[in-house]
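Visitor: Hi! Could you walk me through the structure below?

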Amino acid sequence: MRYPKECVLKECVEAVIRPLEPGDRALMEAFYNRIPESDRWFMNYDVMDPAIMGRWFDAVEKGSVCSILALCEETVVGQGSLYLRGFGATSHVGRFRIVVLPEFRQMRLGTWLLLDLIQLAMDRGLEMLRADLVAGVEDGAIEAVQKFDFFKFAELKNYVKDIHGNRQDLVIMIKRLHKEWSDF
Ligand SMILES: CC(C)(COP(=O)(O)OP(=O)(O)OC[C@H]1O[C@@H](n2cnc3c(N)ncnc32)[C@H](O)[C@@H]1OP(=O)(O)O)[C@@H](O)C(=O)NCCC(=O)NCCS
């Protein structure tokens, strides 16, 4: 993949996608400060904790996480991360998460980031991509990934709790990957 990559969003807003770099810590902290707590709740780790953020940068350095940022001028407006196991029974499966600033949502940025994560996963020879999404909360994302041939693999009823303590279903969305886009 060639970076930096320019992309045009709805209303002709321009953004640049590039890999996360070691010096991006302050940019990332500013980004997550603008993400609502109700969205961060579903991230599985507390990105507001400096130690967790540090471990994340270490994981990127080690290669167990591939992370790409979307920037508009000097501000991070979106992030996509691909998590790789690297060993064992699920080493052929990558997991991912995309987060976009609220004011940049529904402008196609999530789609640009998803396309790049799919390509990164294919480049690493992964066979499947997995996203765990919460029904009733992340329905927009569930709908969006289906347009890219993700399908509902399993549903864990009343498995997660939202920020108010209410139980919600966790939907495991899977996409099978091919060596080339043309193999579809
Ligand atoms: C999910 C998320 C990443 C989508 O990013 P985005 O930049 O808004 O996505 P896009 O503009 O590319 O939208 C792509 C598709 O998503 C769907 N979509 C996005 N937001 C939606 C919403 N609120 N309701 C319904 N559908 C929605 C639409 O189908 C849209 O396709 P269309 O443009 O053809 O109508 C963003 O809303 C976000 O950061 N949410 C909080 C975190 C989260 O839920 N992450 C999902 C984990 S992968």
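**Pocket and ligand**

Guide: Happy to! The largest pocket holds about 1,700 Å³ of space, a volume being the space filled by probe spheres set on grid points joined across faces, edges and corners. A pocket is an open set of points on a 1 Å grid over the protein atoms alone where a 1.4 Å probe fits, with protein on both sides within 12 Å along at least five of seven lines; lining residues have an atom within 4 Å of a point. This is a predicted model, where local features need pLDDT of at least 70, side-chain atom pairs count only at pLDDT 80 or more, and totals for chains, interfaces and linings use all residues. Residues are numbered from 1 along each chain as its sequence is written, and side-chain values use heavy atoms, without hydrogens and water.

Visitor: Which residues lie nearest the centre of that pocket?

Guide: Those are Arg97, Ile98, Leu133, Glu138 and Ala141, out of 50 lining residues.

Visitor: And where does the ligand sit?

Guide: In the largest pocket, meaning that more than half of its atoms lie within 2 Å of the pocket's grid points.

Visitor: Cool, what about polar contacts, say with Thr111?

Guide: A polar side-chain atom of Thr111 is 2.5 Å from a ligand oxygen; a polar contact is a pair of N or O atoms within 3.5 Å. For Arg108, a backbone N or O atom lies 2.7 Å from an oxygen atom of the ligand. In Glu143, a side-chain N or O atom is 3.3 Å from a ligand oxygen.

Notes
A polar contact is a pair of N or O atoms within 3.5 Å; within protein, one must be able to donate a hydrogen and the other to accept it, and residues adjacent in sequence count only if both atoms are side-chain atoms.
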